[in-house]
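Q: Here is a structure to go through. Please set each value against its definition, then conclude.

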Amino acid sequence: MSADTDSTVPPASAGPPVRTDRLAELIRYDLPASIVVFLVALPLSLGIAVASDAPITAGLIAAAVGGILAGLLGGAPLQVTGPAAGLTVVVAEVIHEFGWQTACFITVAAGVLQILFGLSRIARAALAIAPVVVHAMLAGIGVTIALQQVHVLLGGASHSTAWENLAELPGQLLDLRGGDVAIGLVVIGIMLGWRYVRGPVRAVPGPLVAVLVATVLAVIVPGNPARIVIDGSLFDAIGLPSLPSGDWDGVLMAVLTVALIASVESLLSAVAVDKMHTRARADFDRELIGQGVANTASGLLGGLPVTGVIVRSATNVQAGARTRASAVLHGIWILVFSVALVGVVEQIPKAALAGLLIVIGVQLVKLAHIRTARRTGDLAVYAVTIAGVVFLNLLEGVLIGLVLAFALLLWRVVRVQVHAVPVEATGRWLVTVDGTCTFLALPRLTSRLASVPAGTDVQVQLTVDFLDHAATEALHDWARQHESTGGTVEFVELGTARMSSALAAPPRRDRARGLLDGLLAPRGARTRVPRDRDAETITAGVAEYHRGHAHLVRPHLDDLRHGQDPDSFFLTCADSRIVPNVITSSGPGDLFTVRNVGNLVPADGRDSSVEAALSFAVERLSVRNVVVCGHSGCGAMQALLTGTRPPGGLGDWLAHAEPVLARFLAGHPVAAAAAAAGFREADQLSMVNVAMQVEALYRHPTVRRAAMTRELEVSGLFFDIGTARVLHITPTGIAEIPDPAPEFATL
């Protein structure tokens, strides 16, 4: 066979092993997972149908259709779709107001709307809802479900509103049915205690065990507990929805409510499922389309609305599912069960499903969410949203919660803190303005400014990220008035917003990055001052320092006014691109810095400047570290490497580095390590120079004596200007400097 043929024809065995591997993966992982999810979904689907006042078969149809269609078409492969507790309250209200057939029409319309959501690619926008509102919505649904099902557990019937369920509860307690109560309590006990079961039995889903035990007890317990009633087979329950006879405004609102809640719950569930595995991430737009198709089909067949359900999805992941086949198969098992074993369903007592739903409802109220809301200051939003969902309706409760959350956010964002206090040591007054300074802050701002006595010297520190013209004018007007009384006013701008630009253009929130650029960027990049005006740039820089940064440094320098206690002697090159305090994250008083061309330590003390600085730092200041720092693109090393000795004093100075060049040419291990890392020759020489200066320092009598008596450390660094990274130079190579900061796990 020719080479061309060999390159274009795949091996004969390339196709079948792929199919075989996929089949083996399905049998090993997805098939068992689908059975586990089916066993969890079956009782939950029945219970949600009962809680929604819908036909029992509607829960089974929804579970089968949601599992198969959303599993095939959705964008979250490991998410499992079916009827969810989050829609129970809404569906019950819709059925009560419009009837079951119209409720199916609303489900179809909501599915179509979800498809439009997915096609318009706004899925991620649906996630822009305050989590506290979503958590409170689910908690409110849980409370509502529990209030409804308590009556069923006691042998009665639930009422349409939470007020009625609460008002009728005392009477229901006086007229309870012992058999139903006993069965319901057994289910609750099994559900709550199943987490403590150990061994192989734990693999059986708790809801299934609870319902099976309750069904057996229903035969034993006297009193003939009420059981589920199914009229006809699953196929008899299939019927086309009917159009509403009126109140189209209410119908449209119901469609929008069902579509929004189903979409948000599905997307939130998909986000949570993504955090549970490391396989392909969810496609949110495709997931909405799949959910929409499933809801449309479920409504047409007489099923409940469906969403992605976190309980079933988490079970699916934990059971080892690898692909969407698990969700699809779980829907098929529900379909087979619903057709072949309807008689088994009719043996389940209503009190068993009531106990199941009470536990599910209570578990929707999560203590972790309440603690988070309290820590983040959102507890009022959480409480108000729950109250609205429980005592009004779900949509109104969520809207009230969103409005309150937005109002709280607005208050937090636009508020400003203004303080005016006398500085006793100087007799001056200090006014601090911190936050977002707008016309909304004028009452507080003017009140605090009015408290400053006339004729005093005042410093106004502005640490603001937004400053509009109204606040700027108020500050200027007050300053003019105060200065007219004989006082002085000094403005210090520490934030990103500047008074000079507030009246020149519409106000905007300046980038915090701009503040960093102002501190770290070269002055020419900030001011674009011509190079022939260097003297003026220094003056302008000092003025900018006085205006914006001196007051940040002053408190730290105040502690150093009587002396210094640096941690390190830092020898580096005179190159203007090296800023020692920046690359070491140090401040005033931390580094005793010495700079010269090429960061050299002349042998035998032949340079009195380096010798004096080193002796003073080690013997008088007792520094703990001696550091030599070289850098990339060093002109001194480049001149040394090319042999172009500059005339005069610079050439004489570079003679101190001749031993470095000799060691480099002889094959220093640091040079080999630098070459392997991709550094050019001049930078390799710079690294060898650092290593040799460290050796020279170790031989210096003052350093050697301190190293022996008090463990003085000597180390070498190399600053790569292009990447702004600092490397550690060892005697034999180079190394990255490890980050000791803790790593935070992904939630």
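A: Start with glycine 239. It touches Leu300, Leu301 and Gly302, leaving aside residues up to four places away in sequence. Contact here means heavy atoms within 4.5 Å. This is a predicted model: local features need pLDDT of at least 70, side-chain atom pairs count only at pLDDT 80 or more, and totals for chains, interfaces and linings use all residues. Residues are numbered from 1 along each chain as its sequence is written, and side-chain values use heavy atoms, with hydrogens and water left out.

Q: Where does glycine 239 lie, and why is it called partly exposed?
A: Glycine 239 is in the loop between α10 (234-237) and α11 (248-274). Helices (H or I, at least four residues) and strands (E, at least two) are DSSP runs, numbered from the N terminus. Buried means under 20% relative accessible area, exposed means over 50%, and partly exposed is in between (1.4 Å probe, protein chains only). Glycine 239 has 25%, so it is partly exposed.

Q: How far apart are glycine 239 and leucine 260 in space?
A: Their C-alpha atoms are 25 Å apart, with the two positions 21 residues apart in sequence.

Q: What counts as an aromatic pair, and how many are there?
A: Rings of Phe, Tyr and Trp (its six-membered ring) pair if their centres lie within 6.5 Å; planes under 30 degrees apart are stacked, over 60 edge-to-face, and the rest tilted. The count is 6 aromatic pairs.

Q: Why is the pair of phenylalanine 569 and phenylalanine 592 called stacked?
A: The ring centres are 6.4 Å apart and the planes are at 25°, so both tests are met. Phenylalanine 569 is in strand β7 (residues 568-573) and phenylalanine 592 in strand β8 (residues 591-596), so the pair ties together parts 23 residues apart in sequence. Both phenylalanine 569 and phenylalanine 592 are buried.

Q: What makes the pair of phenylalanine 592 and phenylalanine 616 tilted?
A: The planes of phenylalanine 592 and phenylalanine 616 are 40° apart, and the centres 5.9 Å. Phenylalanine 616 is in helix α28 (residues 608-620) and phenylalanine 592 in strand β8, so this pair ties together parts 24 residues apart in sequence. Ring pairs thus give a cluster of Phe569, Phe592 and Phe616.

Q: Are phenylalanine 592 and phenylalanine 616 buried or partly exposed?
A: Phenylalanine 592 is at 17%, so it is buried. Phenylalanine 616 is at 34%, so it counts as partly exposed.

Q: What makes a charge sit over a ring?
A: NZ of Lys or CZ of Arg must be within 6 Å of the ring centre and within 35 degrees of the ring normal. The charged end of arginine 322 sits over the ring of tyrosine 29, 3.7 Å from its centre. Arginine 415 lies over the face of tryptophan 411, at 4.6 Å from the ring centre.

Q: Why is arginine 412 said to form a salt bridge with aspartate 378?
A: A salt bridge needs a side-chain nitrogen of Lys or Arg within 4 Å of a carboxyl oxygen of Asp or Glu. The closest N and O atoms of arginine 412 and aspartate 378 are 3.2 Å apart. The pair links distant parts of the chain, 34 residues apart: arginine 412 is in helix α19 (residues 394-414), and aspartate 378 is in the loop between α17 (367-375) and α18 (379-391). Arginine 412 is partly exposed at 33%, whereas aspartate 378 is buried at 16%.

Q: How many salt bridges does this rule give?
A: The count comes to 11. One of them joins arginine 705 and glutamate 619 (3.3 Å, N to O). That pair also links distant parts of the chain, 86 residues apart, with arginine 705 in helix α34 (residues 701-710) and glutamate 619 in helix α28.

Q: How do you know that the span of helix α33 agrees with expectation?
A: The expected span is 1.5 Å times one less than the number of residues. Helix α33 (residues 681-699) has 19 residues and should span 27 Å; its end C-alpha atoms are 27 Å apart, so the two agree.

Q: Why is α33 called largely enclosed?
A: Of its 19 residues, 15 are buried, so the rest of the structure largely encloses α33.

Q: What makes a nonpolar core, and how many residues has the largest?
A: A core is a set of buried Ala, Val, Leu, Ile, Met, Phe, Trp, Tyr and Cys residues joined through side-chain atoms within 4.5 Å. The largest has 98 residues, and Trp100 and Leu394 are among those with the most contacts inside it. A second, separate core of 46 residues includes Val688 and Val694.
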